[in-house]
Amino acid sequence: MGAKISCIEYYLPEQILDNNQLTDEFPEWDAAKINDKVGIKRRHVAAADETASDLGYKAATKILEGFDKTAIDFIILCTQSPDYFLPASACVLQDKLKLRNNIGALDINQGCSGFIYGLAISKGLINSNISKNVLLVTAETYSKHIHPKDKSNRSIFGDGAAATIVSFSETEQIHEFELGTDGSGMDNLIVKRGGFRNRHDPFEKDRYDESGNVLNDNNLFMNGPNIFSFTIEKVPPLVDSVLKKNGFDLNSIDYVIYHQANKYMLDYLRKKSKIPYEKYYQNMEETGNTVSSTLPIALKESLKKNIIKPGDKVLLAGFGVGYSWGATIIEI
Amino acid sequence: MKKSVFFTELKDALMLEDDSINESTQVRLTSLSTLGVIAFIDENFNKQVKAADLREVKIIDDLINLIGPENLVA
């Protein structure tokens, strides 16, 4: 007995920001270079009155068109852009989706590793007989955290949400996990103000980094080079250890999907872990880095395009803000 | 690594359009070329550098000192 991913759907907000628009806004920014190095042509941006839970609602509505909503007995929302400090946005979603009242609902605050953590918790709930069908929603609107004059982060991140149903299965289709945390890296990807440690400060002054991006502690800050160094150090051993833990090697894996951070980083990580190009799936050109939703969106797209097929073993790895990282192997 | 190969490959990592580079060539790191240099040093010298290590790099010679001149041969 075990758990499996039954289905995945996703939703992207209507408004699109493409590379030409970014170049119009930042003439020194070269659209072709962005696409070549970062691997992103377009990203979707939530409307001013559209929150992460709204995006999550749309993704969940889509998935529940093909799944009996009365069978959902737990909802998890992974987001770092919640509607409120309290209540949990998962409770808001439970009501909006008209899910049963006798179910569990909770938010998890994770970013790029969030889908892996959500899968780990869902598998735990199912294997401990607490749930049979977990609705795992990943939803993010980093655009609301990013300063409008921060061209680097606006080029990378896109808004979006995914809904995944993790269900009881006669055989285990979500294998062992490898999870990791190093909170000493917290300053390298952070929204410093807005919580209770440092309250939002409307008088906080803008600063500039060496690339001309505007920084402000009320907004998202990412030290890209340090995040890159962190992934170089942690991701290849993460891939090795999750394979070892499951008794597999790369030959027995059909596909590897990384959190879709940016093309430059992923190309290097793929090379370093010696993952053959034909076993590697990348999907960020039309969405950008949607944080916790990149993995389910990539999975859904690969299934839709018949690249990853039923029966395939897929290694999933997420890594980023925290620092936090995690990997598992699933069978489709 | 041979110094000539080092210069050729570093030029790509730095995304420089100059025909050739040498020890005294100035380095102006952008966010992308910083990633390029971090990857280049990791791949070729198995050394993990951070953004702070690169902050003081002004010319190629500063990078050579960071890598360790003993790792390059004529």
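**Close-up views of a predicted two-chain model**

**Figure 1. The surroundings of Thr141(A) in the predicted model.** Thr141(A) counts as buried because its relative accessibility is 2%, and the limit for a buried residue is under 20%. Thr141(A) is placed in the loop that runs between E6 and H6 of chain A. Apart from neighbours within four places in sequence, the residues in contact with Thr141(A) are Ala46(A), Glu50(A), Thr51(A), Ala52(A), Leu55(A), Ser81(A) and Asp159(A). With one of these residues, Ser81(A), Thr141(A) forms a polar contact of 3.4 Å between side chains. Ala46(A) stands 95 residues from Thr141(A) in sequence, yet their C-alpha atoms are 6.6 Å apart in space.

**Figure 2. The two domains of chain A and the contact between them.** Domain 1 of chain A covers residues 2–170, and domain 2 covers residues 176–331. Their centres, taken over C-alpha atoms, are separated by 15 Å. Domain 1 brings 49 residues to the contact and domain 2 brings 52 residues. Together the two domains bury about 4100 Å² between them, and carbon and sulfur atoms account for 61% of this area. On the side of domain 1, Tyr10(A), Cys112(A) and Ile116(A) supply 16% of the area buried against domain 2, more than any other three residues.

**Figure 3. Polar and charged pairs between the domains of chain A.** Between domain 1 and domain 2 of chain A there are 3 salt bridges. In a salt bridge of chain A, the side chains of Glu9(A) and Lys300(A) meet at 3.4 Å, N to O. The two domains also share 23 residue pairs in polar contact, counted where both residues have pLDDT 80 or more. Several elements give two or more residues to the side of domain 1 that touches domain 2, among them strand E1 (2–11), helix H2 (31–38) and strand E7 (160–169) of chain A. The largest share of that side, 7 residues, comes from H5(A). By class, the residues on this side of domain 1 are 21 nonpolar, 16 polar and 12 charged.

**Figure 4. The interface of chain B and chain A.** Each partner is represented in the contact, with 14 residues from chain B and 14 residues from chain A. The area buried between the chains is about 1400 Å², and 64% of it lies on carbon and sulfur atoms. Leu32(B), Leu35(B) and Asp42(B) supply 33% of the area that chain B buries against chain A, more than any other three residues. Across this interface there are 2 salt bridges. Asp42(B) and Lys272(A) meet through their side chains in a salt bridge of 2.9 Å, N to O. Between the two chains, 6 residue pairs are in polar contact, with both residues at pLDDT 80 or more. Helix H2 of chain B, residues 31–45, gives the most to the side of chain B that touches chain A, namely 9 residues. That side of chain B has 7 nonpolar, 4 polar and 3 charged residues.

**Figure 5. The surroundings of Ser33(B) in helix H2 of chain B.** Ser33(B) has a relative accessibility of 2% and therefore counts as buried. Apart from neighbours within four places in sequence, Ser33(B) is in contact with Ala13(B), Leu14(B), Met15(B) and Arg28(B).

Terms used. Residues numbered from 1 in each chain as written. Chains lettered and ligands numbered in written order. Predicted model: local features only at pLDDT ≥ 70, side-chain atom pairs only at ≥ 80, totals over all residues. Heavy atoms only, no water. Domains from an automatic or database assignment. Contact = heavy atoms within 4.5 Å. Buried area = accessible area lost by both parts, 1.4 Å probe. Salt bridge = Lys/Arg side-chain N within 4 Å of Asp/Glu carboxyl O. Polar contact = N/O pair within 3.5 Å; in protein donor to acceptor, adjacent residues only side chain to side chain. Helix = DSSP H or I, 4+ residues; strand = E, 2+ residues; numbered from the N terminus. Nonpolar A, V, L, I, M, F, W, Y, C, P; charged D, E, K, R; others polar. Buried < 20%, exposed > 50% of the residue type's maximum accessible area, 1.4 Å probe, protein only.
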